[in-house]
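Here are some exercises to work through with the model open beside you. Try each task before reading its solution.

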Amino acid sequence: TRSRPGNMERIVICLMVLFSGTVAHKSSFQGQDRLLIRLRQLIDIVDQLKNYVNDLDPEFLPAPEDVKRHCERSAFSCFQKIQLKSANTGDNEKIINVLTKQLKRKLPPTNAGKRQKHKLTCPSCDSYEKKPPKEFLERLKSLIQKVCNLNYI
Amino acid sequence: MEWPARLCGLWALLLCAGGGGVAAPAETQPPVTNLSVSVENLCTVTWTWNPPEGASPNCSLKYFSHFGNKQDKKIAPETYRSKEVPLNERICLQVGSQCSTNESEKPSILVEKCISPPEGDPESAVTELQCIWYNLSYMKCSWLPGRNTNPDTNYTLYYWHSSLGKVLQCEDIYREGQHIGCSFALTKVKDSSFEQHSVQVMVKDNAGKIRPSFNIVPLTSHVKPDPPHIKNLSFQNGDLYVQWKNPQNFYSRCLSYEVEVNNSQAETHDIFYVEEAKCQNSEFEGNLEGTICFMVPGVLPDTLNTVRIRVKTNKLCYEDDKLWSNWSQAMSIGQKANPTFYITTLLIIPIIVAAAIIVLLLYLKRLKIIIFPPIPDPGKIFKEMFGDQNDDTLHWKKYDIYEKQTKEETDSVVLIESLKRASQ
């Protein structure tokens with residue numbers, strides 16, 4: 001009766017290790033895939049918003065550029081905090097609101113992304129230069145393209 | 001007569017009050033001073049100015065600036081503004097001062113300063129100056145000579161980007177028909193903020209007679225990758241699995257693909273446009289490192305299929321996605337459609353026929369005479385007809401009539417007349 005529970009424990013632990021191993025492996029792949037899918041969607045949204053640039057409120061917004069290494073996620077959240085407003089009511093207002101809402105969706109986490117939070121202190125959003133909506137959107141697109149070109153995505 | 005004058009006075013008073021009321025809060029600052037412009041490198045233009053004199057003491061000065069047509073507005077506390085601009089046309093900056101970073105605040109009177117292209121006839125400048133970055137390794141720029149220029153002009157290309165300390169000259173000049181071009185090395189420094197930057201390019205001639213031409217090439221566009229290499233083709237469950245390796249220096253997620261499948265028998269030509277491609281271990285035998293896979297549906301395995309692939313940069317990582325790489329080397333799979341079989345049968349049949357004829361000729365003389373009739377000899381025929389008398393008269397003797405009459409035969413003859421006399 002002594003050896004049996006011991007064996008059972010070992011089997012259970014082995015199974016748990018195997019299970020967590022497969023789940024972890026899957027999730028890291030999935031995390032990267034989901035992030036890339038979301039980034040592709042974001043580029044499409046930015047391109048669409050660029051078409052409505054004349055309907056946006058011309059207020060200057062903080063637009064990070066030349067973002068420091070490993071501060072890309074923090075810079076991206078600065079872009080997300082901004083509420084792009086429609087300047088005039090009209091047919092385009094609804095579309096603009098839908099698009100800006102989609103911009104604000106949280107990015108899927110990845111292993112590299114989690115590391116970014118704890119590392120350096122990144123500049124605050126207000127410290128970045130303010131630009132009109134057109135340049136804001138262009139810089140957002142540049143940031144996404146830069147992130148996709150990195151090897152620590 | 002009095003009340004129009006009174007009305008006018010009232011009107012004037014109202015205007016003054018109104019004007020005064022509006023003017024007091026919106027006090028614009030004085031304009032900036034000493035606005036000047038200078039050029040660094042090839043195309044980095046910097047405008048600098050001094051703060052205005054007599055600004056309000058409790059105003060933290062910010063400067064509002066924009067280019068012609070109110071483009072590229074900027075509000076910032078710096079007393080300079082820099083921009084990379086190709087100096088092929090005149091460009092002007094207008095600057096004003098204000099007290100906050102609000103876009104709605106009215107700035108001071110704007111002061112303008114322009115910069116003109118270098119001297120020279122605009123018609124003489126080279127045209128169609130364009131650059132392509134090949135596989136993130138070297139950049140090739142090409143141009144056409146300007147009008148009214150000497151065909152013997154020697155051109156020089158200068159280039160600069162932020163990783164270089166100074167402007168460099170391109171050595172490798174070549175001519176391709178009408179176009180002249182130059183090629184120089186350009187590699188991406190890993191993980192630097194190279195992505196936002198550009199290469200500044202200037203073309204001018206050695207004699208200094210033509211007006212220089214400028215181009216600014218962003219490093220996130222005009223990229224042409226090298227062609228990929230197909231590593232493996234295999235059939236599984238009626239589908240064709242293609243496995244290839246992308247050109248170096250590119251992440252797979254940054255490329256879009258086009259897979260072309262040619263079937264020689266069915267004479268089909270299919271092109272598949274692929275956005276994302278990945279290799280899952282379970283489906284591909286012997287998964288090679290760093291390869292990309294794609295499954296082509298509906299391919300006939302018994303026929304010869306030829307596959308080619310090309311790639312281009314996609315919008316996820318680069319600004320433009322117009323330049324396709326060259327096609328990769330083709331790789332084929334499937335049975336080769338019987339040309340050897342047909343050739344062998346075509347060769348064997350004549351051989352058999354020839355052998356049969358030889359055999360028959362040897363063993364059948366009649367056949368031989370039919371096929372190879374004896375050649376008539378006219379001399380012999382004439383000899384037979386009029387031949388030598390000495391030789392051959394003997395065989396004519398049977399036809400001699402005189403010879404025939406030598407044989408004697410006697411028969412008794414009875415006279416009938418004598419018989420008649422006797423009876424009388």
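**Exercise 1. Describe the open sheet of three strands in chain B: what is its strand order, and which strands are at its edges?**

Solution. Begin with the order: in this predicted model, the three strands of chain B are arranged 17-18-21, and their pairing is antiparallel. Next, look for strands that pair on one side only: these edge strands are strand 17 (229-236) and strand 21 (291-296) of chain B. Then turn to the geometry: neighbouring strands of this sheet are turned by 20° against each other on average, with direction ignored.

Finish with one pairing. Strand 18 (residues 239-245) of chain B is joined to strand 21 of chain B by six bridges in the antiparallel sense. To locate one of them, start at B:Gln243, whose bridge partner in strand 21 of chain B is B:Cys293.

**Exercise 2. Analyse the hairpin of strand 19 and strand 20 of chain B: which residue takes a positive phi?**

Solution. Take the strands themselves as your starting point: strand 19 (residues 255-263) and strand 20 of chain B run antiparallel and share seven bridges. As a landmark, B:Glu260 has B:Ile271 in strand 20 of chain B as its bridge partner. Now move to the turn, where four residues lie between the strands; B:Glu267 takes a positive phi near 55° in this hairpin.

**Exercise 3. Work out the five-stranded open sheet of chain B: in what order do its strands come?**

Solution. Reading across the sheet gives 12-13-9-8-16 in chain B, with mixed pairing. Strand 12 (172-176) and strand 16 (223-224) of chain B each have a single partner strand, so one side of each is left without a neighbour in the sheet. At the strand 12 edge, follow the pairing with strand 13 (residues 179-185) of chain B: five bridges connect the two in the antiparallel sense. Here B:Tyr174 has B:Gly181 in strand 13 of chain B as its bridge partner.

**Exercise 4. Characterise the interface of chain B and chain A: how many residues are in contact, and how much area is buried?**

Solution. Count the contacts on each side: 24 residues of chain B touch 24 residues of chain A. For the area, the two chains bury about 2400 Å² between them, and 45% of it is on carbon and sulfur atoms. For polar interactions, there are six residue pairs in polar contact across the interface, both residues being at pLDDT 80 or more. Strand 4 (residues 71-76) of chain B gives the most to the side of chain B that touches chain A, contributing four residues. Sorted by class, that side of chain B has six nonpolar, four polar and 14 charged residues.

**Exercise 5. Follow the salt bridges of A:Arg40: which residues does A:Arg40 pair with?**

Solution. Start with the whole structure, where a search finds 14 salt bridges over all chains. Then restrict the search to the interface of chain B and chain A, which has three. A:Arg40 forms a salt bridge with B:Glu275, with the closest N and O atoms 3.5 Å apart. A:Arg40 also meets B:Glu276 in a salt bridge, at 3.3 Å from N to O. Last, place this second pair: A:Arg40 lies in helix 1 (residues 3-51) of chain A and B:Glu276 in the loop between strand 20 (268-274) and strand 21 of chain B, so the pair joins two chains.

How values were computed
Residues are numbered from 1 along each chain as its sequence is written. Chains are lettered from A and ligands numbered from 1 in the order in which they are written. This is a predicted model: local features need pLDDT of at least 70, side-chain atom pairs count only at pLDDT 80 or more; totals for chains, interfaces and linings use all residues. Side-chain values use heavy atoms; hydrogens and water are left out. Contact means heavy atoms within 4.5 Å. Buried area is the accessible area (1.4 Å probe) that two parts lose on being put together, summed over both. A salt bridge is a side-chain nitrogen of Lys or Arg within 4 Å of a carboxyl oxygen of Asp or Glu. A polar contact is a pair of N or O atoms within 3.5 Å; within protein, one must be able to donate a hydrogen and the other to accept it, and residues adjacent in sequence count only if both atoms are side-chain atoms. Ala, Val, Leu, Ile, Met, Phe, Trp, Tyr, Cys and Pro count as nonpolar, Asp, Glu, Lys and Arg as charged, and the others, Gly among them, as polar. Two strands pair if DSSP finds at least two bridges between them. Axes are lines fitted to C-alpha atoms, for helices over the stretch in contact, and angles run from 0 to 180 degrees between N-to-C directions.
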